[in-house]
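Me: I would like to learn how to read the features of a structure one at a time. Could we take a case and work through it?

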Amino acid sequence: MANKICIIATSCDKIGDEPTGAWAEEVVAPYRLWQKHGYSVTIASIKGGKVPVDPTSMAAPHATKEAMKGLMESTPLADIKAADFDAFFLAGGHGTVGDFPNDANLIALLEAAAAAGKVIGSVCHGAEGLVNVKGPDGKPLVAGKRMTGFSDKEEVAAGKDKVVPFLLESKLREHGALFETAADLWAPHAVADHKLVTGQNPASSSAVAKLLAEALSS
């Protein structure tokens, strides 16, 4: 039976007055790679329906109408059950800062997934969804885990450090994550620590997708 993966995207389309959403590459690249593996992939989002896409991420080859066809209609997260999937993947984009960290459905889903030994992955700001998730031991899920995500230096370079509610790298470190970054800004970097698989930035989308596939097959 084919592995089942649920990609979870943001439903937030603005930070303040600035348009935002999911980052196209972080949905499309993993989806296409897993599709080639023969996996069953479901797109979900916090509210369901059409996933907002950050307009600055609309660049070929990942954001053409053909590449994104059928991918931006999503299932409401409230209808997603941990038992129905083998892995959960949190796609990034700055929209996640508005709805991932404190969403009760997302926290409950990921905690159930962790307790059941499912693979959990994220890329870039997708790790916003991990900051308030507890592991089966009651400690932060990221505590003591090697991982990555959008770095503080990248947030500053992107000019969003004064816009986001907190710096993701700093917050994850506060929760005990063994946070890693690439030597150079924007360079691909992906990390696997048992069932937790994470990518640093948009350029890491394919690399983290491959690591997640390896985690499912191990």
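What follows is a dialogue on the sheet, the helix packing and a few single residues of a predicted model.

Me: Start with the sheet. In what order do the strands lie, and what is the pairing?

Reply: The order of strands in a sheet is read from the pairing, not from the sequence. Here eight strands form an open sheet, in the order E5-E6-E4-E1-E7-E8-E12-E11, and the pairing is mixed.

Me: Which strands stand at the edges?

Reply: Strand E5 (49-50) and strand E11 (190-193) do. Each has a single partner strand, so one side of each is left without a neighbour in the sheet.

Me: How do I read the pairing inside the sheet, say for strand E1?

Reply: Look at the sense of each pair, then at its bridges. Strand E1 (residues 4-9) pairs with strand E4 (residues 40-45) in the parallel sense, over six bridges. E1 is also joined to E7 by four bridges, and these two run parallel. Cys6 can serve as a marker: its bridge partner in E4 is Thr42, and its bridge partner in E7 is Phe88.

Me: Where does the path lead from Phe88?

Reply: To strand E8, where the bridge partner of Phe88 is Ile120. E7 and E8 run parallel and are joined by four bridges. E8 is in turn joined to E12 by four bridges, again with the two strands running parallel. In that pair, Gly121 has Val197 of E12 as its bridge partner.

Me: Where does the sense turn antiparallel?

Reply: Between E11 and E12, which pair in the antiparallel sense over four bridges. Ala190 has Gly199 of E12 as its bridge partner. E11 and E12 form a hairpin with two residues between them.

Me: What should I check in the turn of that hairpin?

Reply: Check the backbone angles, and look for a positive phi outside glycine. His194, in the loop between E11 and E12, has a phi near 60 degrees, a positive value in a residue other than glycine. His194 has a relative accessible area of 71% and is therefore exposed.

Me: Where else can I find a positive phi in a residue other than glycine?

Reply: At Cys124, where phi is near 55 degrees. Cys124 is found in the loop between E8 and E9. With a relative accessibility of 3%, Cys124 counts as buried, because buried means under 20%.

Me: How do I tell whether the faces of a strand are covered?

Reply: Split the residues by the way they point, then compare their burial. In E7, Ala87 and Phe89 are on one side and Phe88 and Leu90 on the other; all are buried, and both faces are covered. In strand E12 (residues 196-199), Leu196 and Thr198 point one way and Val197 and Gly199 the other way, and all of these are buried too.

Me: How is the packing between two helices described, for instance that of H1 and H7?

Reply: Give the angle, the distance between axes, the handedness and the residues that meet. Helix H1 (residues 24-36) and helix H7 (residues 205-217) pack at an angle of about 40 degrees, with their axes 9 Å apart. The two helices are therefore oblique to each other. H1 passes H7 in a right-handed crossing.

Me: Which residues meet there, and of which classes?

Reply: From H1 they are Glu25, Glu26, Ala29, Pro30, Leu33 and Trp34; from H7 they are Ser205, Ser206, Ala209, Lys210, Leu212 and Ala213. By class, the contact has seven nonpolar, two polar and three charged residues.

Me: Now a loop residue. Is Ser151 buried or exposed?

Reply: Buried, because its relative accessibility is 4%. Ser151 is found in the loop between strand E9 (146-147) and helix H5 (152-157). Leaving aside neighbours within four places in sequence, Ser151 is in contact with Glu169, Thr181, Leu185 and Gln200.

Me: And Pro61: buried or exposed?

Reply: Pro61 counts as exposed, because its relative accessibility is 58% and the cut-off for exposed is over 50%. Pro61 is found in the loop between E5 and helix H2 (65-68). Sequence separation and spatial distance should be read together here. Pro61 and Ala24 are 37 residues apart in sequence and 9.9 Å apart in space, C-alpha to C-alpha.

Definitions and conventions
Residues numbered from 1 in each chain as written. Predicted model: local features only at pLDDT ≥ 70, side-chain atom pairs only at ≥ 80, totals over all residues. Heavy atoms only, no water. Pairing = 2+ DSSP bridges. Axes fitted to C-alpha atoms, helices over the stretch in contact; angles between N-to-C directions. Parallel < 35°, antiparallel > 145°, perpendicular 65-115°, else oblique. Left-handed = near helix turned anticlockwise from the far one by under 90°. Contact = heavy atoms within 4.5 Å. Nonpolar A, V, L, I, M, F, W, Y, C, P; charged D, E, K, R; others polar. Buried < 20%, exposed > 50% of the residue type's maximum accessible area, 1.4 Å probe, protein only.
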